[in-house]
Amino acid sequence: MNTFVTLSTGQRMPVIGLGTWKTLECGYRHVDCAAAYGNEQEVGEALALWVGPGKALQREEVFVTSKLWNIKHDPQDVEEACRTSLAHLGLSYLDLYLMHWPMAFQRGKELMPRNEDGSICYSDTHYRDTWTAMESLVDKGLVKAIGLSNFNARQTDDIISMARHKPVVNQVECHPYLSQADLLSHCRSVGVCVTAYSPLGSGDRPWASANEQSLLADPRLGAIAQRYEKTPAQVILRWHIQRGVVCIPKSVTPSRIQQNLNVFDFSLSEEDMKLIESFNHNKRFIVPTVERDGKRVWRDAEHPHFPFHDAY
């Protein structure tokens with residue numbers, strides 16, 4: 001059973017990845033990082049222990065992704081941002097470098113630059129100009145491939161229409177409550193692989209309200225898991241994989257990290273695939289929100305390149 005997908009560049013990307021230091025020890029070979037997570041130095045320390053000449057793994061055995069943050073969209077900031085990530089990770093190249101969001105924030109040192117009223121300071125740098133700067137990272141051998149994150153179908157097409165180096169991946173929130181069927185179908189049609197973040201529904205997100213349904217505790221999922229003698233998380237990951245979606249589940253529990261990799265010894269029936277698909281109600285969990293006039297609203301909805309006004 002395939003444990004990797006082949007990207008349009010010909011690279012083989014493991015279908016399950018993780019972004020924590022326990023990764024390599026448990027057998028993961030796909031590490032997902034981002035400048036904005038603030039943990040690249042720690043990940044770099046783990047890579048130094050495991051990867052390289054005379055170590056347990058050779059560099060080409062590990063697929064490492066990182067992401068360009070919103071304050072580094074200005075074309076003259078892109079290479080420096082990438083080199084900083086490489087330095088933190090202790091690597092000479094990345095397998096994949098993603099534009100974390102299509103939305104540019106004001107340049108500078110602040111991760112979340114704010115106006116006096118607390119709102120985010122946006123920049124009008126267009127994601128197409130940022131992409132052109134990212135293409136030169138491929139030319140210079142700093143990255144093997146480039147891709148997108150949180151882009152809608154229209155924005156993805158916009159990049160493809162002008163790209164010299166086509167995006168190989170679009171990393172988006174995706175789980176049975178947000179199945180992304182239309183976006184997945186679209187990306188597949190243009191040769192872009194979809195990677196799911198929060199593939200298990202991010203049940204541990206701090207802003208979840210008390211009455212919100214937890215995906216992993218959904219009794220319908222529990223019943224399916226029981227039939228296959230697997231955990232609900234393993235069933236969800238298997239569902240993603242059978243749809244051709246790469247997953248990066250987050251976990252800090254070693255036993256769960258290990259379990260999440262044990263999904264290649266069973267297959268879901270077509271009926272169960274459809275049943276899980278039917279859980280979809282287009283529920284996004286990972287969009288920053290703020291309170292305005294007593295209502296929770298999407299924080300960046302006024303940004304000209306906010307991706308989620310489109311249906312997909």
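Me: Before we look at the sheet, what makes two strands count as a pair?

Reply: Two strands pair if DSSP finds at least two bridges between them. With that in hand, this predicted model shows an open sheet of seven strands in the order β3-β4-β5-β6-β7-β8-β9, with parallel pairing.

Me: Why are β3 and β9 said to stand at the edges?

Reply: Each has a single partner strand, so β3 (30–32) and β9 both have one side without a neighbour in the sheet.

Me: How do you know that β6 and β7 pair?

Reply: Happily, we can just hold the count against the rule. Pairing needs at least two bridges, and two bridges join β6 (residues 146–149) to β7; therefore they qualify as a parallel pair. Leu148 stands opposite Asn170 in β7.

Me: And what makes β4 and β5 a pair?

Reply: Four bridges link β4 (residues 63–68) with β5 in the parallel sense, and the rule asks for at least two, so this pair qualifies as well. Lys67 has Leu98 of β5 as its bridge partner. Helix α3 (residues 75–89) lies across both strands, running at about 140° to β4.

Me: Why is α2 called oblique to α3?

Reply: The axes of α2 (residues 40–50) and α3 cross at roughly 45° and come within 7 Å. Angles under 35 degrees count as roughly parallel, and 65 to 115 as roughly perpendicular. The crossing angle fits neither range, so α2 is oblique to α3.

Me: Which residues make that contact, and what class are they?

Reply: From α2 come Glu40, Gln41, Val43, Gly44 and Leu47, and from α3 come Ser85, His88 and Leu89. By class, three are nonpolar, four polar and one charged.

Me: Why is β7 described as mostly covered?

Reply: Buried means under 20% relative accessible area, and five of the five residues in β7 (residues 169–173) are buried.

Me: What makes up the largest nonpolar core?

Reply: This core has 41 residues, and Leu7, Met13, Ile16, Leu96, Val169 and Leu268 have the most contacts inside it. Elements supplying at least two residues each include β5 (96–99), β8 (193–197) and α10 (270–277). The largest share, six residues, comes from α8.

Me: Which residues does Met13 touch?

Reply: Leaving out residues up to four places away in sequence, Met13 touches Phe4, Val5, Leu7, His30, Phe63, Leu96, Val169, Thr195 and Val246. There is also a second, separate core of 32 residues, with Leu24, Val31, Val78 and Leu91 among them.

Key: Residues are numbered from 1 along each chain as its sequence is written. This is a predicted model: local features need pLDDT of at least 70, side-chain atom pairs count only at pLDDT 80 or more; totals for chains, interfaces and linings use all residues. Side-chain values use heavy atoms; hydrogens and water are left out. A nonpolar core is a set of buried Ala, Val, Leu, Ile, Met, Phe, Trp, Tyr and Cys residues joined through side-chain atoms within 4.5 Å. Buried means under 20% relative accessible area, exposed over 50%, partly exposed in between (1.4 Å probe, protein chains only). Contact means heavy atoms within 4.5 Å. Axes are lines fitted to C-alpha atoms, for helices over the stretch in contact, and angles run from 0 to 180 degrees between N-to-C directions. Ala, Val, Leu, Ile, Met, Phe, Trp, Tyr, Cys and Pro count as nonpolar, Asp, Glu, Lys and Arg as charged, and the others, Gly among them, as polar.
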